[in-house]
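Biologist: Could you take me through this model, and explain how each descriptive word is justified?

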Amino acid sequence: MERNIVHLDLDAFFVAVECKNNPRLLGRPLIVGGSSRRGVVAACNYEARKFGVHSAMPMYLALQLCPDAKVISGDMEAYSQASHEITEMIEAAAPAFEKASIDEFYIDASGMDKYFGAFKWATELQKKIIKESGLPISMGLSVNKLVSKVATGEFKPMANQYIPAGTEKDFLGPLSVDKIPMIGKQTSTFLYDMGVRTVATLREMPLKFLVSAFGKNGISLWNKAQGIDDSPVVPYSEQKSISTESTFEEDTIDVKRLKSILIAMVEKVAFQLRSQMKLTSCVTVKIRYSNFDTETRQVHISYTSSDHVLLRTVTQLFDKLYNRRMLIRLVGVRLSGLVHGNHQISLFDDTAESINLYEAIDLIKHKHGVEKLVRATTLDVSHRVRMEMNMFKGNLK
């Protein structure tokens, strides 16, 4: 049976959510990301891209290219909620799907042609998502994930493209080699220096030469140039961990400030746990020194979602971990071993008052936002740091 693989990719997702929530932002260059010198561009709209701005670019460089751009710190909760809603739409319609990232999906629609027509079905799903979510999304369909992804990217925004079986080489041939997924800047520069600029030229390179130049990756390059990709659509599974981390504008040795940031992180991830009705059984603390040495320490605990239990655990791990007394540039917290379940009351750690307190805290945060109610010990944690740790490092996969 011929494969039919659909690729769905939300167009400028973070920016689109911001514009949906605030239509006054439409039509002007927008950048979502950290505004400090160490900040990076998490997303930008097509108006900003015309100036050469792109994701993962240092913010200072992006603002040099597009000084009139409006920078938005971002709202990961809003993005996660929008992604969750779209995931539910796809899950209800698709026979099998893979969530590749917060804004990207693959669907195995093989066999649909027998009953309905894969492209027609995918187009109707695309229209349904656009209508019900109010967000733009691109779609590509071909016999494999590689070609579908390239088709989506090539015809964005609002792509609706079908690459019939047998025409993969014709479609890929004229494209620049850097349009192939997983060919980064270093590899593309190397190929350019050899005079290999298009996929068609790469396809003509002898396999032995590519292997000698790139090792095992040479085989992958050759297959991609031929339009060959047998990778399956991996059925979507829920996240295995929740994590967050923050890189400081200036390296620090201020233990009090470091612990304040860790407390703010625990507040964030614990609230996420309870919102998703999950419990954690493993806590990891991560630090990165000014010389980029990175160390982690973890401990297994009884299943919990309580701030006070996690705070105690994180503080103890940090005290054991931070023993070199060097400047620190990054700290992080990760919760893993997640299971579904409500909070299990501990006879030793919990009281009726603490349970009622968490319920009241979560109610206020859901109603007014997570930043409206924080511990007094975290008041010195800047808004920039809070947004960076919530926005760029939270693992919501």
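**A sheet and two packed helices**

Modeller: In this predicted model, 5 strands form an open sheet with mixed pairing, in the order β5-β6-β1-β7-β8.

Biologist: What makes β5 and β8 stand at the edges of the sheet?

Modeller: Each of them, β5 at 97-101 and β8 at 160-162, has a single partner strand, so one side of each is left without a neighbour in the sheet. On average, and with direction ignored, neighbouring strands of this sheet are turned by 15 degrees against each other.

Biologist: How do you know that β5 and β6 pair?

Modeller: Pairing needs at least two bridges between the strands, and 4 bridges join β5 to β6 (residues 104-108), so the two count as paired, and they run antiparallel. One of the residues bridged to β6 is Lys99, whose partner there is Phe105.

Biologist: Why is helix α11 called oblique to helix α12?

Modeller: The axes of α11 (residues 207-214) and α12 (residues 217-225) cross at roughly 135 degrees and come within 7 Å. Angles over 145 degrees count as roughly antiparallel and those from 65 to 115 as roughly perpendicular, while the rest, apart from those under 35, are oblique, and therefore α11 is oblique to α12. Their crossing is right-handed.

Biologist: Which residues make the contact between these helices?

Modeller: On α11 they are Leu207, Leu210, Val211 and Phe214, and on α12 they are Asn217, Gly218, Ile219, Leu221 and Trp222. By class, this contact has 7 nonpolar and 2 polar residues, with no charged ones.

Conventions
Residues numbered from 1 in each chain as written. Predicted model: local features only at pLDDT ≥ 70, side-chain atom pairs only at ≥ 80, totals over all residues. Heavy atoms only, no water. Axes fitted to C-alpha atoms, helices over the stretch in contact; angles between N-to-C directions. Left-handed = near helix turned anticlockwise from the far one by under 90°. Contact = heavy atoms within 4.5 Å. Nonpolar A, V, L, I, M, F, W, Y, C, P; charged D, E, K, R; others polar.
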